[in-house]
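User: I should like to learn how to read charged pairs and side-chain burial in a protein model. Could you guide me through one case?

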Amino acid sequence: MKPGGIDLLLVEDNPGDSRLVREMLRGVSDITLDGVDRLAAAERHLASGEVDIVLLDLGLPDSQGLDTLARVRAHHPALPVIVFTGLDDEDIALEAVKAGAQDYLVKGRLDEYSLTRAIRYAVERRRAETSLLRLREEQLVAAESVRLERGLLPSPLLAGSGVHPVT
């Protein structure tokens, strides 16, 4: 992520909805918007590594429903994804969040404030999750090192850590 800014990828095949999102974010200086209309194009764009968050429609010409979310999450599990759809269904919304979506926004119920807030909060939540994960890994490595120094642990607790016991 660039300092002080968010690079957003909008994956939306409806030109009217894309235009609406662009208008909502026009006055927001810290969010840069890029858009594609197919999941295949999104996957190519995401491979560049220059995206901080994805605003994802679930109804695309080359992917439908929660499978669309699953495909993005499978290749980019650390990337925050907000589902952006016209389907106002609480059950699907809950399933999307369970599948890793940061939020579920219904197109007809969205305003500039709600959209901007959802984007910023999703990015910050993902940052916090990543920081907690790194902290936990560092704690395990530190505990492993202490136990190895004392000769109390025959094999490392954290697989793949590169720490090996020496007797």
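User: Are lysine 107 and aspartate 57 buried or exposed?

Analyst: Please note that this is a predicted model. Burial is read from relative accessible area, with under 20% as the cut-off. By that criterion, both lysine 107 and aspartate 57 are buried. For lysine 107 the relative accessibility is 13%.

User: What joins lysine 107 and aspartate 57?

Analyst: A salt bridge is recognised when a side-chain nitrogen of Lys or Arg lies within 4 Å of a carboxyl oxygen of Asp or Glu. Here the closest N and O atoms of lysine 107 and aspartate 57 are 3.4 Å apart, and the two residues form a salt bridge. This pair links distant parts of the chain, 50 residues apart: lysine 107 is in the loop between S7 and H5, while aspartate 57 is in the loop between strand S3 (53-56) and strand S4 (59-60).

User: Which residues belong to the network that contains this pair?

Analyst: Salt bridges with shared partners join Glu12, Asp17, Asp57 and Lys107 into one network. One of its links is the salt bridge between the side chains of aspartate 17 and lysine 107, at 3.0 Å from N to O. Aspartate 17 belongs to helix H1 (residues 15-25) and lysine 107 to the loop between strand S7 (103-106) and helix H5 (112-150), so this pair ties together parts 90 residues apart in sequence. Aspartate 17 is buried as well, its relative accessible area being 18%.

User: How many salt bridges are there by this rule?

Analyst: The count is 11 salt bridges. Among them is the one between arginine 120 and aspartate 30, whose closest N and O atoms are 2.7 Å apart. Because arginine 120 lies in helix H5 and aspartate 30 in the loop between H1 and strand S2 (31-36), the pair ties together parts that are 90 residues apart in sequence. Arginine 120 is partly exposed, at 34% relative accessibility.

User: Where is threonine 116 found, and what does its side chain lie 2.8 Å from?

Analyst: For an uncharged polar residue, one may consult its location, its burial and its surroundings in turn. Threonine 116 is located in helix H5 and is buried, with a relative accessible area of 6%. A polar atom of the threonine 116 side chain lies 2.8 Å from the backbone oxygen of glutamate 112.

User: Which residues is threonine 116 in contact with, leaving aside neighbours within four places in sequence?

Analyst: With those neighbours set aside, threonine 116 is in contact with Leu25, Val28 and Ile31.

Terms used:
Residues are numbered from 1 along each chain as its sequence is written. This is a predicted model: local features need pLDDT of at least 70, side-chain atom pairs count only at pLDDT 80 or more; totals for chains, interfaces and linings use all residues. Side-chain values use heavy atoms; hydrogens and water are left out. Helices (H or I, at least four residues) and strands (E, at least two) are DSSP runs, numbered from the N terminus. Buried means under 20% relative accessible area, exposed over 50%, partly exposed in between (1.4 Å probe, protein chains only). A polar contact is a pair of N or O atoms within 3.5 Å; within protein, one must be able to donate a hydrogen and the other to accept it, and residues adjacent in sequence count only if both atoms are side-chain atoms. Contact means heavy atoms within 4.5 Å.
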